[in-house]
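Dear colleague,

Please find below the structure that I am handing over to you, together with its sequence. My findings follow directly after it.

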Amino acid sequence: MGIYNSAVVPYGDGFAGVFRVELGNRFPHLHAGWSEDGLDWQIEPQPVVFTNQPPEIGPGDYAYDPRVVKIEDWYYVTWCGGFNGPTISVARTKNFREFERLDNAFLPFNRNGVLFPRRIGGMYYMLSRPSDNGHTPFGDIYISQSPDMIHWGRHRLVMRKGGDETGQWWQRTKIGAGPIPIEVEDGWLMIYHGVIDTCNGFVYSMGAAILDRDEPWRTLYRVNQHMLTPDMPYEVSGHVPNVVFPCAALHDTAANRLAIYYGAADTSCCVAYAHLDEFVEFVKSNSCVF
Ligand code: BMA
């Protein structure tokens, strides 16, 4: 059993979220959840039911690693859905009770679809990682644009995984966008996961980059070391050991606060706190762009 790799947003006087829930058969589903303080969550016992389910876009039940963002009047949910293999599925809701599916954003195979919180130059933007059908070494982050949340194109490469030539072993196997990017003074703060393959399997850590505000395929800064790596007992042991997987971040610029929600060891949901300005400054002053 596990509830992990989940996404939360401010909602009403409290918070709402979409959670990856796995029971004993380990088949992942999305469940809505509610919280007054962002820490103590009531998770709906039944998975999200969509108000529409066009057969052409694949079943909605296979679903994992959700991200949630409010853009204009809607909360959009993106997740890794089953469409003859994993790709990025999309739905929208106003109340976290009724979810309307939109078309899948991309062809299979793709993972880690992460929307920007506002249009840029009139277009919606989404980060993603085209991939293959399994957990093989493959994966750089791309960005795509859409005028309507349905048709995605103008694809650009944002960041490649690290390797010997960069000295960035912690992110040498694959990288994937995490929380919804946060608009800061220097551009878009993009928190992401980076993976290394070791003799004992993959290790998932967290890093961050700053993307250009108007041309977000341009990376201005990219941290040259992991900022969170499996260390605590609940990160190094669980269903899948050695995984920290950030999927959401709440921030309060005026109060200089950042709360990063991440999955630990494919088992539980955790929160890490930072001062937003120190976090950004760390990325800027320990940067290697490649
Ligand atoms: C990734 C995704 C994540 C998971 C991670 C580690 O490819 O499947 O959901 O947390 O592997 O198992």
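For the strand names used here, a strand is a DSSP run of E with at least two residues, numbered from the N terminus, and two strands pair if DSSP finds at least two bridges between them. Please note that this is a predicted model.

**The four-stranded sheet**

In this sense, β7 and β8 form a hairpin with 5 residues between the two strands. Within that turn, phenylalanine 96 has a positive phi of about 60°. Strand β7 covers residues 86-93, and its antiparallel pairing with β8 runs over 4 bridges. One of the residue pairs concerned is alanine 91 with arginine 101, the latter being its bridge partner in β8.

The hairpin belongs to an open sheet of 4 strands, arranged in the order β5-β6-β7-β8 with antiparallel pairing. Its edges are β5 (63-71) and β8 (99-102), each of which pairs on one side only. On average, and with direction ignored, neighbouring strands of this sheet are turned by 30° against each other.

At the other end of the order, β5 pairs with β6 (residues 74-82) in the antiparallel sense, over 7 bridges. Here valine 69 stands opposite tyrosine 76 of β6. The loop between β5 and β6 contains glutamate 72, a residue other than glycine whose phi is nonetheless positive, near 55°.

**The three-stranded sheet**

A further open sheet consists of 3 strands in the order β18-β19-β20, and the pairing is again antiparallel. The edge strands are β18 (244-252) and β20 (268-275), each pairing on one side only. Neighbouring strands are turned by 25° against each other on average, direction ignored.

Between β18 and β19 (residues 257-264), the antiparallel pairing comprises 8 bridges. Among the residues involved is alanine 249, whose bridge partner in β19 is isoleucine 260.

As general background to both sheets, strands pair through backbone hydrogen bonds, in either a parallel or an antiparallel manner.

**Loops and surface**

Which two residues are joined by a cis peptide bond? They are proline 108 and phenylalanine 109, and omega is about 5° there. Phenylalanine 109 lies in the loop between β8 and β9 (110-115).

On the surface, Asp13, Glu36, Asp37 and Asp40 form a negative patch. Of these residues, aspartate 40 is found in the loop that connects β3 (29-35) and β4 (41-43).

For your own inspection, the backbone features listed above are glutamate 72 with its positive phi, phenylalanine 96 in the hairpin turn, and the cis bond between proline 108 and phenylalanine 109.

With kind regards

Notes
Residues numbered from 1 in each chain as written. Predicted model: local features only at pLDDT ≥ 70, side-chain atom pairs only at ≥ 80, totals over all residues. Heavy atoms only, no water. Axes fitted to C-alpha atoms, helices over the stretch in contact; angles between N-to-C directions. Patch = residues over 30% accessible without salt bridge, like charges linked within 9 Å, V, L, I, M, F, W, Y side chains within 5 Å. Areas by Shrake-Rupley, 256 points an atom, 1.4 Å probe, with all protein chains shown as cover. Salt bridge = Lys/Arg side-chain N within 4 Å of Asp/Glu carboxyl O. Lys, Arg positive; Asp, Glu negative; His and termini not counted. Charge placed at Lys NZ, Arg CZ, Asp CG, Glu CD.
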